[in-house]
Amino acid sequence: MSVSASPTPLHAGTAGLPPQSRPGGRMALAAVLLGFFTIMVDAMIVNVALPSIGRGFGSGMTGLQWVVDGYTLAFAAFLLSAGAISDRIGARQAFAVGLGLFVAASAVCGTAPNLGVLVAARLVQGTGAAMVVPSSLSLLREVFPDPAARAKAIALWGVSGSVGAAAGPVAGGLLTVVDWRMIFFVNVPVGVVALLLLRRAQPSPRQQAPFDWTGQVAAVAALGGLTYAVIEAGADGFGAARVLAAFAVAVVAAVVYVVAQARGRHPMTPLPLLRSRTMSLSAAIGFALNVGFYGMIFLLGLYLQQVHGLTALATGVAFLPMTALTSFMGPVAARMSTRFGARMPVISGQLLMAAGLLAMVTVPAAAPVWLSVVLMVPVGAGGAMAVTALVALLLENVPAERAGVASGVLNAARQLGGALAVAAFGALVADRAEFVSGLHTSLLIAAATVAVSVVATVLLRPARKA
C-alpha cells in the first residue's frame, strides 16, 4: 500500500526508459525512481527495527510510537500544501529540497544520541518525503510532454514505490542484524546519487502559487495535538493535564483550520471539496484502510519479536509474502474496475482486509508463526486493491482542477489513520504481560473500523464532480 499522489496507469509498458523526453529527462526519471524508492523503503523499514531501537535507547512503548508517528504526522500534515510548494518553487527544485531534507534527516537519525533527537529527525524526514511525492509526479509530467512516454514514466514510478515497500521489511531485518542505525544510513548514498542525477535535469519553471500559512500551521497543530494526546494518554491516562491540554490544542487548531479554509483567499482545501460526499467518503475509506494496514504492520513487527522471539531478519522475511503480493494488486484492481466499476474492487478489498484482521484475532500465542504470516496476506492484498481503485474512483468524480488537492486530502487522511492506529494500539500493547490480549483487541478495533467503511461504501455513492 504505497503512498501515491495519483493512480498509476497500470496498462502502460514498463520495459526500458521512455525516450520521448526533454533534455535531461532520462536523468530526471532515474532520480525520481531512486528517490521515491528510498522513501517507500523507509516507510516500511522502521517497524522491523523498533525492538532494537527500544533496547538501544532503553525506551518504552511511548517512545517507539513516536519514532513511527513523528514521520507519519509530518508526512500527513505537509502533504496538504506540498503541491502548492512544488508549483511555487518549481517541481525539480521542490524535489531536490524534499529529498535533500530527507537525506540529511536520515543521517541525523543514524547518529542520534538519544530518542528525542531521533524523533525530531523523523519529523524532518516526513516533511521531506511529503515534498517529494507530488513534486516527483509534477517533474515527470514536465520532462515527458509526450503522453505515451509520460504514461510509461509514471508506471515506472509506481513500480519503484511498490518494490521499495516490498523490500523495506527485509532490508530492515538485514540491516538491523548489523545495527539498527544502518536502516537510516542506507538512505544517504542512494539519496545523494539521486540528487546528483537530478542536476542533469533543467530547472523547472516557477508559478505564482499562493500558500495558505494559517491553514498549514493549524493543520500541523491539530494533527500533532491529537496524536500526542492519544499516545500520552496510553501512559498517563486521559485525565492527565498534558493530555487534556493536547486535546484542547487539537480542537482549537481544527477550528482555526476550518475558518481559514472557509474565509481564506487561497485555502489549501476548499470547503466545497471537503463537504462533498465524494471527498468525505474517500477520506474515510482511506483512513480506515491505513488503520488496518499500518496498525497491523506496527503490531506484528513487535509481536513476532517480543512474543515469538524471532530475530529482526526473520521478522522481515515473515513480512515478505504480504509485501510482495501487494505489488501485484494494482493490475487486479484495474481489471475489476474495467469490468465491474471502481466501487467493486474498493468494497472487495475492504472485505478482504477485514476478514484477514478478524482471522488474526483468533490466533493464539501458541500458534505457529506461519499462520500469522499467511493471515497477513489478505490484509495487505485487500488494502492494496482497495487503495488503487479508491484513488481512481476519487479522481473520476472530482473536477480536474481539484484533482491535486483531492489526492492530497486523501493521502493525508490515510497517513492520519496510520498515525492514530500506532498511537492507540501502542497503548493497548504497552504492558508486556498483556501483549497478546492487547494485540487481539487492537486487531478487532481495526477490523471494526474497516467494516464500518465497507458499510459506508455500500450505502453511499460518490457524487460526481464534487
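User: What radius of gyration does this 466-residue protein chain have, next to that of a compact globule?
Analyst: This is a predicted model, where local features need pLDDT of at least 70 and side-chain atom pairs count only at pLDDT 80 or more, while totals for chains, interfaces and linings use all residues. Residues are numbered from 1 along each chain as its sequence is written, and side-chain values use heavy atoms, leaving out hydrogens and water. The radius is taken over C-alpha atoms, and the globule rule is 2.2 Å times the number of residues to the power 0.38. For 466 residues that puts a compact globule near 23 Å, which agrees with the chain's 21 Å.

User: How many helices does the chain have?
Analyst: Helices here are DSSP runs (H or I, at least four residues) and strands are E runs of at least two, numbered from the N terminus. Strands come to zero, and the helix count is 17.

User: What share of the residues counts as buried?
Analyst: Buried means under 20% relative accessible area with a 1.4 Å probe, counting protein chains only. Of the 466 residues, the share that passes is 56%.

User: How many cavities of 30 Å³ or more turn up?
Analyst: Picture a 1 Å grid over the protein atoms alone: a cavity is a set of points where a 1.4 Å probe fits but cannot get out, and lining residues have an atom within 4 Å of a point. Points are joined across faces, edges and corners, and volume is the space filled by probe spheres set on them. The largest cavity holds about 160 Å³ and the second largest about 50 Å³. Searching the whole structure gives a total of three.

User: Which helix gives the most residues to the lining of the largest cavity?
Analyst: That lining has 16 residues, with A43, V68, T72, Y294 and Q415 nearest the centre. At least two residues each come from α1 (25-57), α2 (61-89), α11 (277-306) and α16 (403-428). With five residues, the top contributor is α16.

User: How many charged residues line the second largest cavity?
Analyst: Its lining is L300, Y303, M360, V363, S372, L439, H440 and L443, with α11 and α17 (435-459) as the elements giving two or more. Asp, Glu, Lys and Arg count as charged, Ala, Val, Leu, Ile, Met, Phe, Trp, Tyr, Cys and Pro as nonpolar, and the others, Gly among them, as polar. The largest cavity's lining has eight nonpolar, five polar and three charged residues. For the second largest, the tally is six nonpolar and two polar, and the number of charged residues is none.

Key
On a 1 Å grid over the protein atoms alone, a cavity is a set of points where a 1.4 Å probe fits but cannot get out, and a pocket is an open set with protein on both sides within 12 Å along at least five of seven lines; lining residues have an atom within 4 Å of a point. Buried means under 20% relative accessible area, exposed over 50%, partly exposed in between (1.4 Å probe, protein chains only).
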